[in-house]
Amino acid sequence: MRWLFALLYATAAFAQNVREMDAREIIAKSVQRDYLNFERLQDYTYTQRNQERTLDKQGRVQKTETETYDVLILGGHDYEKLIARDDKPLPEKEARKEQDKMDKEIARREHESDAEKAKLEKERRERRKFLNEVPDAFNFTLVGVEQVSGKPAWVISAEPKPGYQAKERLAKIVEHLRGKVWIDQAEYQWVKVEAQAAGALSFGFGLLKIEPGAALRFEQTRVNDDVWLPASASIHADARAAFLKHIRSEVDMHFQGYKKFQADSTFVPLQ
């Protein structure tokens, strides 16, 4: 019977919220909340595990490569330090090389000018500007309410808006996606995104093309009752690289071990 009460609750909540606001308003508000998460991410260190699987024409795995990184805050912005490959710690020689690379980066960032820091911060924010176009680039439909991690979330479908001309480079990529977004009702946060490429996606001046039908998935989680941050992401795609053969691959990324970075904390090179 518990599932019946949950269903009734979700149905009532959905009907109420349909009256109060439309799907585009929910998306627009969630985009603004995501900017806050983006800024707060700079206050956290974490571990990122990337796994890439190359498939043959029958979908069988031919090769699997896994790399794990510690993502640290150096000089006010993030730095990825490779710590494991194929879920095994790096050999001592390679680990020393990665440490030396980080030590050099620490020293370099300590001598960055204010102008250089401002430029890096501007570039970091520019990479997020494309989200401003999301509310206008798609036709959104509020299709229901589902329980995600025990909390109600709006389920909103998104279809590319015919004739929309994107301004930002990344917006020109995402405008070819269609899918669904799950948004937490209490905090207007993106809980989950599932999307497919409605058309071909091009990267790197067209040198890499992702075929239509590529599947993307992204999930976030609440951290320290303070912020919503990435939990996992995946891309399953057929791709064709310039001058290279057709490639089928799956990429899974997992983010964990979030720890708040203290403003007065510093990393120092090893002697």
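Q: What makes the residues of the lining of the largest cavity divide into nonpolar, polar and charged?
A: The sorting goes by residue type: Ala, Val, Leu, Ile, Met, Phe, Trp, Tyr, Cys and Pro count as nonpolar, Asp, Glu, Lys and Arg as charged, and the others, Gly among them, as polar. The lining here is made of Phe130, Glu133, Val134, Ala137, Tyr164, Ala166, Ala171, Val174 and Glu175. That gives seven nonpolar, no polar and two charged residues. Keep in mind that this is a predicted model, where local features need pLDDT of at least 70 and side-chain atom pairs count only at pLDDT 80 or more, while totals for chains, interfaces and linings use all residues. Residues are numbered from 1 along each chain as its sequence is written, and side-chain values use heavy atoms, with hydrogens and water left out.

Q: Why is this space called a cavity, and what is a lining residue?
A: On a 1 Å grid over the protein atoms alone, a cavity is a set of points where a 1.4 Å probe fits but cannot get out, and a lining residue has an atom within 4 Å of a point. Points are joined across faces, edges and corners, and the volume is the space filled by probe spheres set on them. A search of the whole structure turns up one cavity of 30 Å³ or more, and the largest holds about 30 Å³ of space. Helices α5 and α6 each supply at least two residues of its lining.

Q: How do you know whether Glu175 is buried or exposed?
A: Buried means under 20% relative accessible area, exposed over 50%, and partly exposed in between (1.4 Å probe, protein chains only). Glu175 comes out at 16%, so buried is the right word. This residue sits in the loop between α6 (169-174) and β7 (177-184), where helices (H or I, at least four residues) and strands (E, at least two) are DSSP runs numbered from the N terminus.

Q: What does Glu175 touch, not counting residues up to four places away in sequence?
A: Contact means heavy atoms within 4.5 Å. By that test Glu175 touches Phe138, Pro160, Tyr164 and Ala166. Also, its C-alpha is separated by 6.2 Å from that of Ala137, 38 residues apart along the chain.

Q: What makes Glu98 buried?
A: Its relative accessible area is 9%, so Glu98 falls in the buried class. Glu98 belongs to helix α3 (residues 92-110) and, leaving out residues up to four places away in sequence, touches Tyr79, Leu82 and Leu90.

Q: Why does Asp86 count as partly exposed?
A: Asp86 has 42% relative accessibility, so the in-between class applies. Its place is the loop between β3 (77-85) and β4 (88-89). Beyond its neighbours within four places in sequence, Asp86 is in contact with Thr64, Glu65 and Thr66.

Q: What makes a set of residues a nonpolar core?
A: The members are buried Ala, Val, Leu, Ile, Met, Phe, Trp, Tyr and Cys residues joined through side-chain atoms within 4.5 Å. The largest such core has 24 residues, with Phe140, Trp154, Ile156 and Ile183 having the most contacts inside it. Helix α2 gives the most to this core, five residues. A second, separate core of ten residues includes Tyr46, Val223, Phe255 and Tyr258. In soluble globular proteins, nonpolar side chains tend to be buried together.

Q: How many helices and strands does the protein have?
A: There are six helices and 13 strands. Of the 271 residues, 39% are buried.

Methods:
1 Å grid on protein atoms, 1.4 Å probe; cavity = no way out; pocket = protein on both sides within 12 Å on 5 of 7 lines; lining within 4 Å.
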